[in-house]
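This report describes one protein chain and its ligand for a reader who has not seen them before. Please keep the model in view while reading.

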Amino acid sequence: MIPPIAGRFVAGETVPEALEHTRETNERGIGVILNLLGEHYHERDPADADAETYCRLLADMAGTDLQACLSVKPSQLGLDVSEDVFRENLARVVEAADEHGRFVWIDMEDHTTTDATLDAFEHHAREHGDVGVCVQANLKRTAADVDRLADLPGKVRLVKGAYDPPADLAYEDRERVDEAYRDLLERMFVEFDDGIAVGSHDPAMIAHARDLHAEYGTPYEIQMLMGVREDSQERLATDHEVWQYAPYGDKWFAYFYRRVLERKENARFAIRAIVN
Ligand SMILES: Cc1cc2nc3c(=O)[nH]c(=O)nc-3n(C[C@H](O)[C@H](O)[C@H](O)COP(=O)(O)OP(=O)(O)OC[C@H]3O[C@@H](n4cnc5c(N)ncnc54)[C@H](O)[C@@H]3O)c2cc1C
């Protein structure tokens with residue numbers, strides 16, 4: 001059982017808990033992107049098992065009116081084992097999602113995985129359309145990647161980037177990453193007909209997306225993490241399409257620990273909860 005302090009960021013250990021969170025979040029006008037926690041498998045078995053769990057989750061959601069989709073990590077589906085294993089497992093999940101009319105997002109991990117992730121996305125975008133991929137504003141290559149993605153069906157989520165790439169490949173200071181995010185967002189609003197997801201909690205980036213929408217008319221959605229700026233999620237959902245990325249599963253501790261380390265306010269929240 002997940003302790004209440006971790007329950008702010010994680011939608012439960014089990015599928016029923018994750019679906020209950022989805023139902024409650026949908027009632028607040030927010031869609032849910034479900035992610036089974038798991039990454040960096042170095043053997044095939046756990047990667048196959050997670051692909052199977054995603055397929056069962058899709059079957060469990062069939063016939064419900066839940067506004068929900070999936071987000072998967074390449075290394076969870078076997079990219080650290082081999083590109084073939086990743087592609088096979090991704091194909092299983094995307095085909096099951098297609099059968100059930102659900103959307104699949106592919107998260108972006110560290111810079112060594114970008115090509116394999118974009119290639120797999122391109123393959124499925126051309127075949128099914130109902131897939132999306134994440135790109136990272138802190139990587140210098142992303143402007144060229146956005147140009148490549150503009151010609152494909154599917155959606156693209158722009159984030160600032162959660163990994164630490166080598167200095168020659170990335171922008172490092174926060175202001176430069178923010179500037180890159182703004183430029184890339186504008187490029188997407190100009191080049192894409194639709195399918196833009198603003199994956200950020202930063203009010204300045206969201207305001208920029210709103211301005212770009214007013215200028216270019218391209219539709220967009222906003223995506224935020226469960227437990228982060230929940231009040232804004234609800235407020236924005238009154239006049240935007242908002243999706244919440246909600247991780248679940250028994251590997252919750254590492255994810256929770258990352259969220260706590262990443263912000264002083266989260267650490268204060270955790271300490272307060274423990275003391276209370
Ligand atoms: C839906 C979604 C999917 C993502 N997928 C990926 C992915 O596939 N690959 C990847 O590399 N990265 C991913 N990220 C993470 C992303 O790269 C950033 O690390 C993260 O979103 C923080 O950047 P920010 O744009 O929110 O802005 P920041 O400048 O970091 O934060 C802006 C403001 O948001 C608030 N805030 C931000 N984060 C937190 C937090 N954890 N706790 C409390 N307040 C916070 C604070 O008020 C802060 O001042 C994803 C993020 C989201 C929202």
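A residue is called buried if 20 or more other C-beta atoms lie within 10 Å of its own, and exposed if 12 or fewer do. The model described here is predicted.

**Helix α8**

By that count, Met205, Ala209 and Leu212 of helix α8 are buried. Seen down the axis of α8, the buried residues fall within an arc of 65°, so they line one face of the helix. Pro203, Ala204, Ala207 and Ala214, on the other side of α8, are exposed. The helix covers residues 203-216, which is 14 residues. At 1.5 Å a residue these should span 20 Å, and the C-alpha atoms at the two ends of α8 are 20 Å apart, so the expected span and the model agree.

**Strand β2 and its neighbours**

Strand β2 is formed by residues 68-72, and 5 of its 5 residues are buried. How are the two faces of β2 covered? Ala68, Leu70 and Val72 are buried on one side, and Cys69 and Ser71 are buried on the other.

β2 pairs with strand β1 (residues 31-36) and with strand β3 (residues 104-106). The table sets out these two pairings.

| Strands | Sense | Bridges |
|---|---|---|
| β1 and β2 | parallel | 3 bridges |
| β2 and β3 | parallel | 3 bridges |

In the pairing of β1 with β2, Ile33 stands opposite Cys69. The chain passes from β1 to β2 through helix α3 (residues 44-61), and this β-α-β crossover is right-handed. On the β3 side, Trp105 is the bridge partner of Ser71. Helix α4 (residues 83-99) belongs with β2 and β3 to a β-α-β unit that is right-handed.

**The shell around the ligand**

Which residues come nearest to the ligand? Of the 25 residues around it, these are Asp107, Val159, Ala162, Ser200 and His201. Sorted by class, the shell around the ligand holds 10 nonpolar, 7 polar and 8 charged residues.

Several elements of the chain contribute to this shell. At least two residues each come from β4 (131-136), β7 (220-225), α10 (252-262) and α11 (264-275). The largest share, 3 residues, is supplied by β7.

Definitions and conventions:
Residues numbered from 1 in each chain as written. Predicted model: local features only at pLDDT ≥ 70, side-chain atom pairs only at ≥ 80, totals over all residues. Near = placed C-beta within 6 Å. Helix = DSSP H or I, 4+ residues; strand = E, 2+ residues; numbered from the N terminus. Nonpolar A, V, L, I, M, F, W, Y, C, P; charged D, E, K, R; others polar. Pairing = 2+ DSSP bridges. Right-handed = clockwise from strand over helix to strand, strands pointing away. Expected span 1.5 Å × (residues − 1). Arc of directions from axis to C-beta.
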